[in-house]
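Let's take a relaxed walk through this one together. Have a look at the structure first, and then we'll go through it piece by piece.

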Amino acid sequence: MACTDSLTTRLARAATHAAGHGLAWTRLRRQVYQAVLSAGRPIGAYELLAALEPLVGRRMPPTSVYRVLDLLVRHELIHRIESKNAFVACCEIGQPHQGQFLICERCGETVEIPGSELAHQLSASARALGFELHHQVVELTGLCAHCRAGAPG
Ligand SMILES: [Zn+2]
Ligand SMILES: [Zn+2]
């Protein structure tokens, strides 16, 4: 249940999750997921289209890819990072959670923070205020440990 697992393990986990949730794991869905997964960091839709080309064997129409991305987000296989307009593979597939991420402003490294207490608090607060929540991703930006070590001062 971690991002340190191999790509093969994570691909297999995604397929199992899809099967368990009635999501047909079509070739294109698998390829799109694989492209997001292999990026290892948030990948934008255009970059994704380019990454898909060698996998699929041809240039996909953007609308088909957007549809698949939406579907993968809805099934919590990937998360959408609003601030970067990009997508990243979920590290905790099958765990009930909302995305919460540490995003490095310098190198773009993005780490999903495990746990769901904070997310529960936020959604409960929203409900208490009569707010209907459609999308909840917490994005914390700053410098990762690696970039801090290399940063002057
Ligand atoms: Zn996740
Ligand atoms: Zn960094």
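Start with the pattern in the sequence: the residues that donate to the zinc ion (ligand 2) are spaced C-x2-C-x36-C-x2-C. Keep in mind that you're looking at a predicted model.

So who are these donors? They are Cys104, Cys107, Cys144 and Cys147, each offering its SG atom, and they lie 2.2 to 2.3 Å from the zinc ion (ligand 2). Now for the geometry. The four donor atoms subtend angles of 105 to 112° around the zinc ion (ligand 2), so the arrangement is tetrahedral.

Pick out two of the donors, Cys104 and Cys144. This pair ties together distant parts of the chain, 40 residues apart: Cys104 belongs to strand 4, while Cys144 sits in the loop between strand 6 and helix 6 (145–150). Are they buried or exposed? Both Cys104 and Cys144 turn out to be buried.

Those strands lead us to the sheet. In general, the strands of a sheet pair through backbone hydrogen bonds, in either a parallel or an antiparallel way. Here you'll find an open sheet of three strands, in the order 5-4-6, and its pairing is mixed. At the edges are strand 5 (110–112) and strand 6 (137–142), each of which pairs on one side only. On average, neighbouring strands of this sheet are turned by 20° against each other, if you ignore direction.

Zoom in on strand 4 (residues 99–104) and you'll see that it runs parallel to strand 6, paired with it over six bridges. One spot to look for is Phe101, which stands opposite Glu139 in strand 6.

Methods
Residues numbered from 1 in each chain as written. Chains lettered and ligands numbered in written order. Predicted model: local features only at pLDDT ≥ 70, side-chain atom pairs only at ≥ 80, totals over all residues. Heavy atoms only, no water. Pairing = 2+ DSSP bridges. Helix = DSSP H or I, 4+ residues; strand = E, 2+ residues; numbered from the N terminus. Axes fitted to C-alpha atoms, helices over the stretch in contact; angles between N-to-C directions. Donors = N, O, S within 2.8 Å, 3.2 Å for Na, K, Ca; no water. Tetrahedral: all angles 85-135°; square planar, octahedral: opposite > 155°, others 65-115°. Buried < 20%, exposed > 50% of the residue type's maximum accessible area, 1.4 Å probe, protein only.
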